[in-house]
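This briefing is meant for a reader who is meeting the structure for the first time. Please keep the sequence and the model in view while reading the points below.

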Amino acid sequence: MVNIKSAREITLMKEAGRVVGLVFKTLEESIKPGMSTLDIDQIVEKTMLDNKCIPAEKGYYGYPASACVSVNDTLIHGIPSNKIILKEGDIVSVDIVANYNGYMADACRTFKVGRISERAERLVNVTKQAFFEALKAIKVGNHIGDVSSTVQKYVESNGYNVCREYTGHGIGRDMHEDPAIPNYGKEGIGVRIEPGMALCIEPMVLEGRKDTRVLPDGWTVKSRDGKLTAHYENTVIVTESGYEIITMYEGEE
Ligand code: MF3
Ligand code: CO
């Protein structure tokens, strides 16, 4: 069942989203070679707590940290560690969920560590642009399949693959609500898009083959072929006339 959010609920989700944006702004200014992925987790946790939000990932199905921090061939759910040290040229995806008074906002950015290769740069840019292409399909009366097929077409036309095993989703009181929003599929199918829906659209892109594997830690998802991966996500509220992105900071490109 898809929950339609009231004005009051949307106000609370926007505050969660504001804090998610603030975390990204802070990370944009702090991510440097030599940092560990646990250092990133600590910045996420502190920024959320300082702003009256709870890091919702911590304890979610037993997840042990406040952020998912995924480097290079790790696509999603990388567990922060003081043994994983960022080096110049890496790309690092930071996926976070803030809970403000019971309401969630979820987003992810893939950050560059120092100067990165053109190859990595193109992957990061296409992944981000896939989200903005998908937004064009967010119109009342369209269907989730229109969003999914837009992501898939854009990514594949750029020579990459979308992940099949994990999807975007609705969000609200729960981190994951209906509808599921796959990054692949057919136009015209699935749930009809309505005002008041809160949707997490999140292209997860593999430079090489589409296959992934989960490490024995039960969380870390990597590309099977060891090639690069990237992830970009925002929480979006559907409005009568279009949509509102609630997890970007002011001035963010
Ligand atoms: N934030 C992720 C998403 O985009 C989910 C993280 S799983 C968790 O849906 F266990 F880390 F919370
Ligand atoms: Co999400």
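What follows is a short tour of a metal site, a helix pair and several individual residues.

The model is a predicted one, and the values below are computed from it. The tour begins with the cobalt ion (ligand 2), whose protein donors are Asp-106, His-169, Glu-202 and Glu-233. It then turns to the packing of helix α3 (residues 118–135) with helix α4 (residues 144–157), and ends with single residues and the backbone.

**The cobalt site**

- The cobalt ion (ligand 2) is held at 2.1 to 2.3 Å by its protein donors, which are Asp-106 through OD, His-169 through NE2, and Glu-202 and Glu-233 through OE.
- Along the sequence, the donor residues of the cobalt ion (ligand 2) follow the spacing D-x62-H-x32-E-x30-E.
- Two of these donors sit in separate parts of the fold, His-169 in strand β7 (residues 168–170) and Glu-202 in the loop between β9 (198–201) and β10 (204–206), so the pair ties together parts that are 33 residues apart in sequence.
- Buried or exposed, how does His-169 count? His-169 counts as buried, at 4% relative accessibility, and Glu-202 is likewise buried, with a relative accessible area of 5%.
- The site of the cobalt ion (ligand 2) has six donor atoms, and with angles among them of 52 to 172 degrees it is classed as irregular.
- For orientation, six octahedral donors would ideally show angles of 90 or 180 degrees.

**The helix pair α3 and α4**

- Helix α3 (residues 118–135) packs against helix α4 (residues 144–157) at an angle of about 145 degrees, and the two axes are 9 Å apart.
- The crossing in which α3 passes α4 is right-handed.
- On the α3 side, the residues that meet α4 are Val-126, Gln-129, Ala-130, Glu-133 and Ala-134, while α4 contributes Val-147, Thr-150, Val-151, Tyr-154 and Val-155.
- By character, the residues of the contact of α3 with α4 comprise seven nonpolar, two polar and one charged.

**A buried leucine in helix α1**

- Leu-27 belongs to helix α1 (residues 7–30), and with 0% relative accessibility this residue counts as buried.
- Which residues does Leu-27 contact, leaving aside its neighbours within four places in sequence? Leu-27 is in contact with Ile-40, Ile-43, Val-44, Val-94 and Phe-111.
- Between Leu-27 and Val-191, which are 164 residues apart along the chain, the C-alpha atoms are separated by 35 Å.

**Backbone features and the loops that carry them**

- As background, most residues other than glycine have a negative phi, and most peptide bonds are trans.
- Lys-52, which is not a glycine, has a positive phi near 65 degrees; Lys-52 is found in the loop between α2 (37–50) and β1 (54–55) and counts as exposed at 68% relative accessibility.
- When residues up to four places away in sequence are not counted, Lys-52 touches Asn-99 and Tyr-100, and its C-alpha atom lies 18 Å from that of Met-175, a residue 123 places away in sequence.
- Asn-72, also not a glycine, has a positive phi of about 55 degrees; Asn-72 lies in the loop between β2 (68–71) and β3 (74–76) and is buried, with a relative accessible area of 17%.
- Asp-178 and Pro-179 are joined by a cis peptide bond with omega at about 0 degrees, and Pro-179 is part of strand β8 (residues 177–181).

How values were computed. Residues are numbered from 1 along each chain as its sequence is written. Chains are lettered from A and ligands numbered from 1 in the order in which they are written. This is a predicted model: local features need pLDDT of at least 70, side-chain atom pairs count only at pLDDT 80 or more; totals for chains, interfaces and linings use all residues. Side-chain values use heavy atoms; hydrogens and water are left out. Axes are lines fitted to C-alpha atoms, for helices over the stretch in contact, and angles run from 0 to 180 degrees between N-to-C directions. Helices (H or I, at least four residues) and strands (E, at least two) are DSSP runs, numbered from the N terminus. A crossing is left-handed if the near helix is turned anticlockwise from the far one by less than a right angle, and right-handed if clockwise. Contact means heavy atoms within 4.5 Å. Ala, Val, Leu, Ile, Met, Phe, Trp, Tyr, Cys and Pro count as nonpolar, Asp, Glu, Lys and Arg as charged, and the others, Gly among them, as polar. Donors are N, O and S atoms within 2.8 Å of the metal (3.2 Å for Na, K and Ca); water is not among the atoms, so sites may look incomplete. Four donors count as tetrahedral if all angles lie between 85 and 135 degrees; four count as square planar and six as octahedral if opposite donors are over 155 degrees apart and all others between 65 and 115; anything else is irregular. Buried means under 20% relative accessible area, exposed over 50%, partly exposed in between (1.4 Å probe, protein chains only).
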